[in-house]
Protein chains: 2
Amino acid sequence: MNKQQLFEQIRLKKSFLCVGLDPVLEKLPKHLLAYENPILEFNKQIIEATADLCVAYKPNTAFFESRGVKGWETLIQTWQHFPKDVLTIADAKRGDIGNTSAMYAEAFFNEKSSGMSFDAITVAPYMGKDSVTPFLNYADKWVIMLALTSNEGSQDFQAREYDGRKLFEQVILTSTQWANSDQLMYVVGATKPQEFAQVRRLAPDHFLLVPGVGAQGGSLAAVCEYGLNDSCGLLVNAARSIIYASSGEDFAEKARAEALALQQEMEKILEEANLL
Amino acid sequence: MNKQQLFEQIRLKKSFLCVGLDPVLEKLPKHLLAYENPILEFNKQIIEATADLCVAYKPNTAFFESRGVKGWETLIQTWQHFPKDVLTIADAKRGDIGNTSAMYAEAFFNEKSSGMSFDAITVAPYMGKDSVTPFLNYADKWVIMLALTSNEGSQDFQAREYDGRKLFEQVILTSTQWANSDQLMYVVGATKPQEFAQVRRLAPDHFLLVPGVGAQGGSLAAVCEYGLNDSCGLLVNAARSIIYASSGEDFAEKARAEALALQQEMEKILEEANLL
């Protein structure tokens, strides 16, 4: 899915919601434990309940790897279950020397090799250009680079300032030279709305993947005030607040209600910005 | 395996060699393709041929993930095949917000959950403290944090200097406050021997995992000149130069010869430093 198609989906669905799939067996509704693969069943029902309200799904690979081979199988089966009209993001935060990143690209972009072909992968910038470019060799695929994350630890290195420039700003400045806004997005946490203006100055045309709304406490309105651009330019992720909205048999219905509330808020924001 | 036990193994084997397992199907000796799982057979034979010459094995997870479920199965089976007296390192370069890094820790440290329990994992520092501490909650397990890597891209951010301090120096300075040298090691590339003196000033007691000797062109002597400490303090990794020493039926024999040459060089260095 390219940038134009993504913006079309946003206008069509009146939503820039990304649903994060971070399934933990212990948190699933108890009645799902009767299924042969409870996590897969959970993911399927969440997807069916929210597919018309969101434009992207973002399974976090850690929640699948933690369950070994079975988990990896579940990740592939979940990927197979995504509808064709959503952007699929492997939230994997990978990055290694060039020949190794090429293997990670095969893992997440090459169905023939691994059984999966996501539209996008999150990548850690620490190892620099040659750790990122192997992912850019795939046409119509996206690299979503960590810039300023939503967690407390983002202050340790990302937000550290030297000579008036923070590390996450340097990451954006440098990496915009490696690919344009048709292949590159940035992760910018919703818990740092005051930084969005600066991110937009450095990357005016790029989509930003924004975690931290919901369970982590970020505000959608604050993010949009500085983050919206003329192609929307935002994918706002919510995971726990949607997928764990209820731990009962009504979990999918309650997940839909949470997603709907966010979609409606987004519709209003898109309308006010004359983007619909 | 704790630090003392690791040093004992180094003295016993007169070696601080780590063998990197980065298996690519296309590079395997052709006769192995007759096996049901050629990559597993390759790994097993490499391990059998080198186990008395090295103190650590480091499979890089990318080379397994690229093959999907089958690859993940092979990673677990390879882990099961490691002898008990070596340090096993999952070269995974993971790192995410706290609750997610806890899942990665389960994936690589909790056999009950994932089928594997490595002694150590490589971790990317970009997301800061709470992305690292979940790995430190496991007793007798190691975090090996990326500091200065061996690739060209290390110059993009890691080696960038601000007010006289480079990012990798900041990473070491900050992270030495999170754990001591009994739980924390650093990745420092052999291709940057001139930086080892500075790393040793910041982390005098820590083990350093050193990739880049062999195929990437780093020199063992130069690394040891500045990197050795009184517990050796170095694990020098070689992957391609050992595992692909021959693409014929003699690949294991030739891998052993390469490992032996490195071990003998290391023995001489350990002797000269009065560490045996």
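**Close-up 1. Helices α2(A) and α4(A) side by side in the predicted model.** On the α2(A) side, the contact is built from A:I39, A:L40, A:N43, A:K44 and A:I47, and these meet A:T74, A:Q77, A:T78 and A:H81 of α4(A). Sorted by class, that patch holds 3 nonpolar, 5 polar and 1 charged residues. The axis of α2(A), a helix that covers residues 38-50 of chain A, comes within 10 Å of the axis of α4(A), and the two cross at roughly 20 degrees. An angle under 35 degrees counts as roughly parallel, so that is the label for α2(A) and α4(A). The hand of the crossing is right-handed.

**Close-up 2. The side of chain A that touches chain B.** Each chain puts 50 residues into this contact, 50 from chain A and 50 from chain B. Which helices of chain A supply at least two residues each? They are α3 (62-65), α4 (68-81), α5 (98-109), α6 (111-114), α7 (129-136) and α8 (167-175). The largest share comes from α5(A), with 6 residues. By class, the chain A side splits into 18 nonpolar, 20 polar and 12 charged residues.

**Close-up 3. Helices α2(B) and α12(B) where they pack.** Here we've moved to chain B, with α2 at residues 38-50 and α12 at residues 251-272. Their axes sit 9 Å apart, at an angle of about 45 degrees. That angle makes α2(B) oblique to α12(B), and the crossing is right-handed. If you want to pick out the residues, look for B:Q45, B:I46, B:A49 and B:T50 on α2(B), which meet B:A252, B:E253, B:A255, B:R256 and B:A259 on α12(B). The tally for this contact is 5 nonpolar, 2 polar and 2 charged.

**Close-up 4. B:E267, further along in helix α12 of chain B.** Is B:E267 buried or exposed? Neither label quite fits: B:E267 has 15 C-beta neighbours inside 10 Å, so it counts as partly exposed. Leaving out residues up to four places away in sequence, B:E267 touches B:K14 and B:S15. Its C-alpha atom is separated by 8.7 Å from that of B:F16, although the two residues are 251 apart along the chain.

**Close-up 5. Helices α5(B) and α7(B) crossing in chain B.** These are residues 98-109 and 129-136, and their axes come within 8 Å and cross at roughly 35 degrees. The crossing of α5(B) and α7(B) is right-handed. From α5(B), the contact takes B:G98, B:S101, B:A102 and B:A105; from α7(B), it takes B:D130, B:S131, B:P134 and B:F135. That gives 4 nonpolar, 3 polar and 1 charged residues.

**Close-up 6. A:V19 in strand β1 of chain A.** The strand runs over residues 17-21. A:V19 has 26 other C-beta atoms within 10 Å and is therefore buried. Beyond its neighbours within four places in sequence, A:V19 is in contact with A:I46, A:T50, A:C54, A:Y57, A:A238, A:I242 and A:A259. Another residue to find here is A:V236, whose C-alpha atom is 8.4 Å from that of A:V19 despite being 217 residues away along the chain.

**Close-up 7. The largest nonpolar core, seen around B:I144.** In soluble globular proteins, nonpolar side chains tend to be buried together. The largest such core in this model has 188 residues, and those with the most contacts inside it are A:L17, A:I144, B:L17 and B:I144. Setting aside neighbours within four places in sequence, which residues is B:I144 in contact with? They are B:I89, B:A120, B:I121, B:T122, B:V123, B:M185, B:Y186, B:V187 and B:L209.

**Close-up 8. Two positive phi angles in chain B, at B:K93 and B:D140.** Most residues other than glycine have a negative phi, which makes this pair worth a look. For B:K93, phi is near 50 degrees; for B:D140, phi is near 60 degrees. B:K93 lies in strand β3, residues 87-94, and counts as buried because 29 C-beta neighbours fall inside 10 Å. B:D140 is in the loop between α7 and β5 (142-148). With 11 C-beta neighbours inside 10 Å, B:D140 counts as exposed.

How values were computed: Residues are numbered from 1 along each chain as its sequence is written. Chains are lettered from A and ligands numbered from 1 in the order in which they are written. This is a predicted model: local features need pLDDT of at least 70, side-chain atom pairs count only at pLDDT 80 or more; totals for chains, interfaces and linings use all residues. Two residues are in contact if their C-beta atoms, placed from the backbone, lie within 7 Å. Helices (H or I, at least four residues) and strands (E, at least two) are DSSP runs, numbered from the N terminus. Ala, Val, Leu, Ile, Met, Phe, Trp, Tyr, Cys and Pro count as nonpolar, Asp, Glu, Lys and Arg as charged, and the others, Gly among them, as polar. Axes are lines fitted to C-alpha atoms, for helices over the stretch in contact, and angles run from 0 to 180 degrees between N-to-C directions. Angles under 35 degrees count as roughly parallel, over 145 as roughly antiparallel, 65 to 115 as roughly perpendicular and the rest as oblique. A crossing is left-handed if the near helix is turned anticlockwise from the far one by less than a right angle, and right-handed if clockwise. A nonpolar core is a set of buried Ala, Val, Leu, Ile, Met, Phe, Trp, Tyr and Cys residues joined through C-beta atoms within 7 Å. A residue is buried if 20 or more other C-beta atoms lie within 10 Å of its own, exposed if 12 or fewer, and partly exposed in between; C-beta atoms are placed from the backbone.
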